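Thanks for making room for this on the agenda. I would like to take you through one ligand environment and then a few helix pairs, so please have the viewer open.

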Amino acid sequence: MSVEFPNLFSPLKLGGATLKNRIVFGAHTPNHSHEGIPGKRHFGYYRERARGGAAMLVVEPMPAHRTGVLTRGNFLAETDELIPHFRKITDECHSHGTVMCHQIYHVGGHGDQENSWEPYWSPSGTPSMHDPWGSHAMTEPEIEELIAAFVECARRDRDAGFDGVDLFAGYNCLIDQFWSPLTNKRSDKWGGSLENRVRFAARVCEGIREMAGPDFIIGMTVSGAEPYPGGLTIADKQEIMSWLDSRGLVDYFSCGTGSYLNQFSKIVPSFHFDLFLGRDDAAAFKAVVKHAKVTAEARVKTPRNAETVLSEGKADLVSIVRGQIADPHLANKAREGRAADIRPCISCNQLCIGRRMRDYWLSCLVNPSAGREHEWGGDVTPRAEAPRDILVVGGGPAGLEVARVAAERGHRVRLVEKTGELGGQFRLAAGQPERGEIGIFLNWCQRQLEKLQVQVELRKEMTADDIRSSGADTVVLCTGSTPSRSGYQRAYPHRDGLPGAGQDNVCTIHDVLDGSVVPGTNVLLLDDINGWWPASGTALHLAQQRHRVTVVTAAEKAAGQLDNSLTGDTTRERFHKIGIEVILASALESFEGSTARIINLYTGDIEERDFDTLVLATTNERDDRLSRELEGSGMEVHAIGDTVQARTAGMAVYEARKLGLRL
Ligand SMILES: Cc1cc2nc3c(=O)[nH]c(=O)nc-3n(C[C@H](O)[C@H](O)[C@H](O)COP(=O)(O)O)c2cc1C
Ligand code: SF4
């Protein structure tokens with residue numbers, strides 16, 4: 001019993017199993033399989049969350065049928081070949097007292113034929129929201145085939161040792177496409193009345209109950225109201241939940257947010273969405289069910305958030321997905337009174353869904369062990385054989401992580417940072433609108449260094465001579481990168497920079513974010529990084545400060561680089577609302593005096609416009625001065641992160657962890 005989180009750490013009976021607490025690692029697609037088989041990457045990933053204390057894991061979905069294959073990393077469909085591989089995972093996780101469910105999914109009309117090589121089977125053949133194509137209206141025999149395929153998947157799961165299944169019936173996917181009048185236009189026994197529209201779901205559940213008996217958990221992932229007139233309202237969904245519940249067909253409903261119907265970014269909501277996003281819908285479902293338990297999902301990030309939802313009586317369980325990707329030991333740390341040690345997810349979506357969207361395997365910006373547990377032994381830091389004196393130069397994300405890992409390994413660590421603050425450019429990013437969660441992570445890093453007694457020195461710039469005489473056994477250079485002031489653009493690879501870039505009225509996004517330059521009223525922002533955060537976040541920051549902002553970019557759409565992390569559309573929405581003008585498919589030929597010559601890259605037409613200030617959002621230049629000066633010094637010197645190549649915080653943290661584990 002936890003004094004701090006009494007509701008969170010109370011057990012709950014679900015089907016034939018008892019959950020030791022209320023924390024679920026909900027269904028998601030880490031895309032980890034190797035040629036469709038759950039291998040070492042899966043095993044390590046789920047074992048770590050089981051070790052970390054979650055009560056129940058809902059393992060990466062299994063396509064119900066060959067027409068439901070959605071990603072390159074999906075498990076093979078319709079084969080028993082998977083059973084022994086899953087058995088290894090369920091046996092291992094059970095040994096940690098974890099209840100194991102497995103999602104079975106089919107997105108119906110919104111499939112991906114580039115992966116499945118099959119048509120999309122849907123109730124009525126409505127167009128796909130995933131691509132420009134149509135979908136195939138199922139015949140009755142095909143519907144029967146699909147019901148049998150769901151039950152067969154559940155049979156495989158039972159044989160693989162799972163305690164239950166989680167049927168994907170949210171976000172307007174196959175099961176709820178049957179429920180919704182927007183996607184079910186049938187006039188036979190599968191459409192029309194409530195009873196007809198829920199028939200598919202009911203038949204799947206009945207088939208599973210009959211096959212696996214009453215103890216086998218049947219869960220269902222559902223979502224709230226559909227975002228269009230004529231779509232399912234919350235009351236309609238309540239009626240469906242209640243119908244299924246009154247027949248005892250479902251043991252839990254897990255309530256996510258968003259929809260394939262033009263609300264995709266809300267399915268994995270970034271920091272652009274409120275905390276507790278699915279809480280009220282979960283409460284609405286909880287109000288109408290008697291048998292089934294209800295799980296709240298989406299932006300329930302921390303044990304404190306979870307305790308709030310449970311103590312308000314709005315749900316019986318909480319799913320914390322990204323929170324446990326970021327820290328697999330979240331549950332145990334909370335139970336042991338170490339909630340402050342939980343590494344916080346920053347809701348950036350960059351390396352979890354951001355990688356899944358590109359069909360890579362999932363990892364995490366703040367926790368690079370995600371997806372690499374099988375290589376690194378989990379999210380753990382083994383003690384070093386012989387403690388050494390390690391000097392870390394630079395306190396950005398790379399420096400903070402390598403210092404933390406090295407100190408946890410037992411080394412004596414000194415971290416020297418030339419500015420007055422830790423965090424580097426990531427600290428500036430935290431100052432952009434709505435990106436404050438980055439600051440929570442940086443503060444966590446800082447607290448961990450204090451706890452580990454890392455010697456931190458601020459406002460000290462190290463020279464190569466200082467380093468040579470430092471007495472350190474090992475030096476890690478994390479000096480990062482600096483903004484380029486040349487105005488180099490990819491549209492002009494033959495030019496070193498922009499004519500006019502040296503003028504007083506030209507600055508970089510760093511100057512703006514750190515407050516060293518206050519731009520004039522009318523600002524032109526040159527975005528040569530396809531709308532990545534330094535450009536889009538600074539445009540929003542300036543607009544919020546009441547500057548008139550125009551962005552010129554060679555890209556075809558604003559904030560395009562943010563699309564994979566499901567923050568592109570929400571950023572563009574903000575651009576529109578706040579009045580940021582974006583000039584697409586264009587480059588800046590020159591900025592002389594206050595006149596910008598803007599060239600359209602398709603037509604070659606040039607437009608001249610006047611601005612008070614030009615802000616450069618272009619690719620940084622690495623700061624490798626110390627690396628070069630220390631070459632041949634005979635010292636053990638490592639360089640990581642932007643010091644090697646200007647790029648993202650995620651890569652810096654990854655390289656830092658990898659090096660830290662080797663030191
Ligand atoms: C990489 C990734 C993939 C996801 N894939 C699925 C999925 O296959 N099925 C599903 O029901 N939810 C999926 N989700 C949604 C999560 O279950 C959850 O609703 C969402 O991440 C919000 O919860 P959180 O704030 O705790 O992360 C996915 C989430 C992530 C991060
Ligand atoms: S990549 Fe970002 S959003 Fe995803 S789990 Fe990690 S910190 Fe959270």
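Before I list any contacts, let me fix the term: a residue is near a molecule if one of its heavy atoms lies within 4 Å of it. Please also keep in mind throughout that this is a predicted model.

With that cut-off, the residues around ligand 2 are Arg322 and Ile325, then Cys345, Ile346, Ser347, Cys348, Asn349, Leu351 and Cys352, and finally Cys364, Leu365 and Val366. How does this shell divide into nonpolar, polar and charged residues? The shell around ligand 2 has nine nonpolar residues, two polar ones and one that is charged. As for the space that holds the molecule, ligand 2 sits in the second largest cavity.

Let me turn now to the helix packing, taking the pairs in sequence order. Helix H1, residues 40-51, and helix H2, residues 83-94, have axes that come within 9 Å and cross at roughly 20°, and that angle makes H1 roughly parallel to H2. The handedness of the H1 and H2 crossing is right-handed.

Next, helix H15, which covers residues 397-408, packs with helix H23, residues 649-662, at an angle of about 25° and with the axes 8 Å apart, so H15 is roughly parallel to H23. Here too I can give the handedness, since H15 passes H23 in a right-handed crossing.

Finally, the axes of helix H20, residues 533-544, and helix H21, residues 568-578, come within 11 Å and cross at roughly 30°. Angles under 35 degrees count as roughly parallel, and therefore H20 is roughly parallel to H21, while the crossing in which H20 passes H21 is left-handed.

Terms used. Residues are numbered from 1 along each chain as its sequence is written. Chains are lettered from A and ligands numbered from 1 in the order in which they are written. This is a predicted model: local features need pLDDT of at least 70, side-chain atom pairs count only at pLDDT 80 or more; totals for chains, interfaces and linings use all residues. Side-chain values use heavy atoms; hydrogens and water are left out. On a 1 Å grid over the protein atoms alone, a cavity is a set of points where a 1.4 Å probe fits but cannot get out, and a pocket is an open set with protein on both sides within 12 Å along at least five of seven lines; lining residues have an atom within 4 Å of a point. A molecule sits in a cavity or pocket if more than half of its atoms lie within 2 Å of its grid points. Ala, Val, Leu, Ile, Met, Phe, Trp, Tyr, Cys and Pro count as nonpolar, Asp, Glu, Lys and Arg as charged, and the others, Gly among them, as polar. Axes are lines fitted to C-alpha atoms, for helices over the stretch in contact, and angles run from 0 to 180 degrees between N-to-C directions. Helices (H or I, at least four residues) and strands (E, at least two) are DSSP runs, numbered from the N terminus. Angles under 35 degrees count as roughly parallel, over 145 as roughly antiparallel, 65 to 115 as roughly perpendicular and the rest as oblique. A crossing is left-handed if the near helix is turned anticlockwise from the far one by less than a right angle, and right-handed if clockwise.
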